[in-house]
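Take a look at the structure below. The report that follows walks through a few of its parts, one at a time.

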Amino acid sequence: MTDFSKDGGNTPSRRRQRFAEISTRAWEHPADRSALVALRRLSGFDDVLKKLAGLVSERSVRLMFLATAVKTSERQFPELYGMVRDAAYVLDLEKVPDLYVTQDPTVNAMCIGMETPIIVLTSGLVELLDEEELRAVVGHEVGHAMSGHAVYRTMLLILTNIAARIAWLPLGNLAIMGVITALKEWFRKAELSCDRAGLLAGQDLQASMRGLMKLAGGHDLAEMNVDAFLEQAEEYERAGDLRDGVLKLLQVLPQTHPFAVVRVAKLKKWAESDEYHSILAGAYPRRGDDPQTSVGAQWKAAADSYSQSVKESKDPLMGLLRDVAGGVGTVGGKLRDTFAGARSGGPAGSDGANGGTNGGTTDGDGRE
């Protein structure tokens, strides 16, 4: 254990474990890690992507925030300045990213830039969260910087822009949208990765979960309860029948971030895992071993992760997938009964499909 009085920095309110030479593989979700390992092994990929991204000057973005936001320092937002230094120290990042606060009531945080990433927090976020919740968010963004997510997310932004320009070409747009959908699925996993990085930086699970809960419900913590929010996540996971499973899938596909209840549940599960406790005990992958990391092994880990998620899921759609994989002969009957509105003990159509769809959409918009 150590304190963080490094280079004259502020000493935090409590002590946390530092992870010297920790590799980003320690916190990356298997699906995120497999994509990153593969992309990093493509010689020159980052250089090409950075040249493409040059269409939007990183220098101009940095100058814009320098001109229009507040750059944290020992004299401006000193507590936030200390947090980003602490997070970089805990995760052993030598070059501490600049941290800016911008006047914006929207609750948001971002890590932008590729050569020299910067972190931006909105004033809405700073006002919403307490010290330990903010520490988790700052650690989350430092995780993005260390994993190089900004480089790969740039590809998503470029392709999204291209898709908008060629929307009148059905086949061309369809192909690009397929890639965009796959990239969004990767980035949702990247967000789960950085929730883990935020937990490692702050080492306060309750604060991490509170922060995510506040993103869903606002600042009035006295009216919310983390345990009840976790129960809500369980309700969302197992809710309804196959139609609800399909609706949840359709709702999440356009998103770049997982829904808040999903993030809380996933983070709590990881915090209770042997993997997390091994990291705290000092048994974690080191950066020196990154070049020797097997791409095949990472893809297998990702496949195993998805397989395990389907196996453990209580979602009715995932249950159908298990039935398909298991060769169950009643799949067709389940689909027919569900989408025809049949119910045991009641007439077909007693619960109209339109009513179920509208209800599901309303719930989804409310969560979003």
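Which residue in β4 does M110 stand opposite? The partner is V120. Keep in mind that this is a predicted model.

## The β3–β4 hairpin

Strand β3 covers residues 109–112, and strand β4 covers residues 118–122. The two strands run antiparallel. Four bridges join them. Together β3 and β4 form a hairpin, with five residues between them. G113 sits in that turn and has a positive phi of about 95 degrees.

Strand β3 has two faces. A109 and C111 make up the covered face. M110 and I112 make up the uncovered one.

## Two cysteines, no bond

A disulfide is a covalent bond between the sulfur atoms of two cysteines. How many disulfides does the count come to here? The count is zero.

Start with C111, on the covered face of β3. The cysteine sulfur closest to that of C111 belongs to C194. The gap is 8.4 Å, whereas a disulfide needs the two sulfur atoms within 2.5 Å, so C111 and C194 are too far apart for a bond. Seen from C194, the closest cysteine sulfur is that of C111, again at 8.4 Å.

Are these cysteines buried or exposed? C111 has a relative accessibility of 14% and counts as buried. C194 is at 0%, so C194 counts as buried too.

## Strand β2: V101 and T102

Strand β2 spans residues 98–102. V101 lies in this strand, and T102 is found there as well. V101 is buried, with a relative accessible area of 5%. T102 is also buried, with a value of 16%.

What does V101 touch, beyond residues up to four places away in sequence? Its contacts are A69, V70, T72, F77, L80, L121, S123 and V126. T72 is 29 residues away from V101 along the chain, yet their C-alpha atoms are separated by 7.3 Å.

T102 has its own contacts, again leaving aside neighbours within four places in sequence. They are A69, V120, L121, T122 and S123. One of them, V120, is the residue in β4 that M110 stands opposite.

## A nonpolar patch

Now turn to the surface. L249, L250 and L253 make a nonpolar patch of about 250 Å². Where is L253 placed? L253 is in the loop between α11 (242–252) and α12 (260–271). At 32% relative accessibility, L253 counts as partly exposed. Patch residues must have over 30% relative accessible area, so L253 meets that cut-off.

Definitions and conventions: Residues are numbered from 1 along each chain as its sequence is written. This is a predicted model: local features need pLDDT of at least 70, side-chain atom pairs count only at pLDDT 80 or more; totals for chains, interfaces and linings use all residues. Side-chain values use heavy atoms; hydrogens and water are left out. Patches are made of residues with over 30% relative accessible area and no salt bridge: like charges are joined within 9 Å, nonpolar side chains (Val, Leu, Ile, Met, Phe, Trp, Tyr) within 5 Å. Accessible areas come from the Shrake-Rupley method with a 1.4 Å probe; for residues, only the protein chains shown count as cover. A salt bridge is a side-chain nitrogen of Lys or Arg within 4 Å of a carboxyl oxygen of Asp or Glu. Buried means under 20% relative accessible area, exposed over 50%, partly exposed in between (1.4 Å probe, protein chains only). Contact means heavy atoms within 4.5 Å. Two strands pair if DSSP finds at least two bridges between them.
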